[in-house]
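Work through these exercises with the model open beside you. Each one gives a task, then a solution in steps.

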Amino acid sequence: MHFKKILVAVDASENSARAVEYVGIMVGDTPGFEITLLHVERYPERDIFPDDTSWQDACREEGQNIRTFFSQAKAMLENKGVSPDIISIEYVKTSGGGTQRGSKGLGVAQHILKMHRDGGFGTVVVGRRGVSKAEEFLFGSVTTKIIHNAKDCTVWVVE
Amino acid sequence: MDKTVWEKVQSLLPSIALRDCGMVYADTTEFMNIALDGRHFVIIRDEAERRFGMEDPKFWVKRCRDLETGEFFILKLVFHERFEQNIGSVAIQCYRSPEKESRILDLVRDDLRFMQGVTMRDTADNLVRILDMIRGKSLDNVIEDINADHRTYFHQFYPDILGKFIGACEAIAFLHDHGERHGDIRRDHIWVEHKTGNYRWIDFDYAYESTENPFGLDLFGLGNILLFITGQGVHTTHDLVASALRTDAVVQLEPADFSLIFPNRLVNLRKIFPYIPEFLNRVLLRFSAGTYVFYDTVEEMLQDLRLCLGRLS
């Protein structure tokens, strides 16, 4: 594994922004690094909206939020001295561009781990907000799943 | 009211006065009496749920009679409700989705582990679910009506109840395999049919935001029911103190013995019922504050429960 090849899993949250900032500080202008910012799409459930219009509006808003986050994250890394040439962005679509109608749950952690394996990343970075044991039981945790299941890599958990 | 419809009402329900019937609505947004695609229903009353000793009226759920066949049905009208549900200290945004319930009704057609029904659209395009009545009692009432001390209950009644509960868990696993969640798993959402004794799930309209563990809430609900049927009820700190004062029994309990979600609910039942075998108690402890390992899927829990049932039998 190439430990200087870093996969940063992000959503549009403050936790992710902290993770990106940390990576920027650690890498700076040191040569030999590659940074990939990865977002796994998870649109809101269709079932929680009364009609298609309000659901599609919410999906569009989510899409816009992550696009804004990506440009801010790139700028943040460059501010820390990271060359724009070593930053790439990956957006994983999981629900057919917002047409998913069922309450199917797609594991974000599963997608992150697949990208880690397929891309030969030696370091995986995630932000964490810290959840209670009860919340972890009820809702699951992307970070916990990555810590438990990632192999042949270093995992940075930024809190 | 249409004369033909009124004649049908009179023949089926002669005691009803015209003023009680009002109009017939084909658009259920304004509901009282309902006509759907040639079928006529007369509303008898609103349904209600009884929880914690309180009657909770559900004004969008109507007990009714089909004027053509005389059969009783439950009509569920569209009610887009958003509310915060508190599960212990965790708050969850919850939504009532007629689309979800309708989809699940289609998925489980003729599968008698679930309530049965069809969906029709009214003239305003609302999804009206016409549900068959289940003659029976909710599981909590069935358990509470068993007149036996816990030891007798556990040895004489519990294996059969556990077997049927395993069947109910398999039904939920079926939903999960098809990408659906029940959404509101509670002991009063299993209906025990009088005629057959079969367990049947009702009420599929709760929906939640997607999470990393999409089936966590359903699993939590199943764990609660397992605890209820194994303990022949819920055992809270309050009950335990009262019982200890009555019997002078001393039981050493720790926070880890209680529910992960409800810290006053005892999960480590073997401490008060020592004849509950370890292998079964271990399944309960997966839902305790002391656990480090959670069930990820219903199938994982089922594998353990089937072994328990085999050893109990």
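**Exercise 1. The contact between the chains**

Task: state how many residues chain A and chain B each put into the contact, and how much area they bury between them.

Solution. Keep in mind that this is a predicted model. Start with the residues. Chain A gives 30 to the contact, and chain B gives 32. Next, the area. The size of an interface is often expressed as the accessible area lost when the parts come together. Here chain A and chain B bury about 2600 Å² between them. Carbon and sulfur atoms hold 58% of that area.

**Exercise 2. Polar links and the side of chain A**

Task: count the salt bridges between chain A and chain B, then find which helix of chain A supplies the largest share of the side that touches chain B.

Solution. Step one: there are 4 salt bridges between the two chains. Step two: take a salt bridge that joins Lys145(A) to Glu212(B) through their side chains, with an N to O distance of 3.8 Å. The cut-off is 4 Å, so the pair qualifies. Step three: widen the view to polar contacts. Between chain A and chain B, 15 residue pairs are in polar contact, with both residues at pLDDT 80 or more. Step four: look at the helices. H3, H4 and H5 of chain A each bring at least two residues to the side of chain A that touches chain B. H4(A) has the largest share of that side, 7 residues. Step five: sort the residues of this side by type. They comprise 13 nonpolar, 7 polar and 10 charged.

**Exercise 3. The buried side of H5(A)**

Task: which residues of helix H5 of chain A are buried, and why do they lie on the same side?

Solution. H5(A) runs over residues 142–149. Its buried residues are Thr143(A), Thr144(A) and Ile146(A). They span an arc of only 165° around the axis, so they sit on the same side of H5(A). Now ask what covers them. The cover includes helix H3 (108–119) and helix H4 (133–139) of chain A. It also includes strands E4 (121–127) and E5 (154–158) of chain A.

**Exercise 4. Two residues with positive phi**

Task: locate Asp152(A) and Asp110(B), and decide whether each is buried or exposed.

Solution. Take Asp152(A) first. It lies in the loop between H5 and E5 of chain A. Its phi is positive, about 55°, although the residue is not a glycine. Its relative accessible area is 59%, so Asp152(A) is exposed, the cut-off being over 50%. Now take Asp110(B). This residue is in the loop between helix H3 (98–107) and strand E7 (117–121) of chain B. Its phi is also positive, near 70°, and it is not a glycine either. Asp110(B) counts as exposed, at 63% relative accessibility.

**Exercise 5. Chain B and Arg187(B)**

Task: describe chain B as a whole, then place Arg187(B) within it.

Solution. Chain B has 9 helices and 12 strands. Of its 313 residues, 51% are buried. Among contacts in chain B with a separation of 6 or more, 61% join residues 24 or more positions apart. Arg187(B) sits in the loop between helix H5 (150–177) and strand E10 (190–193) of chain B. With a relative accessible area of 25%, Arg187(B) is partly exposed. Leaving out residues up to four places away in sequence, Arg187(B) touches Ser138(B), Leu139(B), Asp140(B), Ile225(B), Phe228(B) and Val234(B). Finally, compare positions: Glu49(B) is 138 residues from Arg187(B) along the chain, and their C-alpha atoms are separated by 12 Å.

Terms used. Residues numbered from 1 in each chain as written. Chains lettered and ligands numbered in written order. Heavy atoms only, no water. Buried < 20%, exposed > 50% of the residue type's maximum accessible area, 1.4 Å probe, protein only. Helix = DSSP H or I, 4+ residues; strand = E, 2+ residues; numbered from the N terminus. Arc of directions from axis to C-beta. Contact = heavy atoms within 4.5 Å. Buried area = accessible area lost by both parts, 1.4 Å probe. Polar contact = N/O pair within 3.5 Å; in protein donor to acceptor, adjacent residues only side chain to side chain. Nonpolar A, V, L, I, M, F, W, Y, C, P; charged D, E, K, R; others polar.
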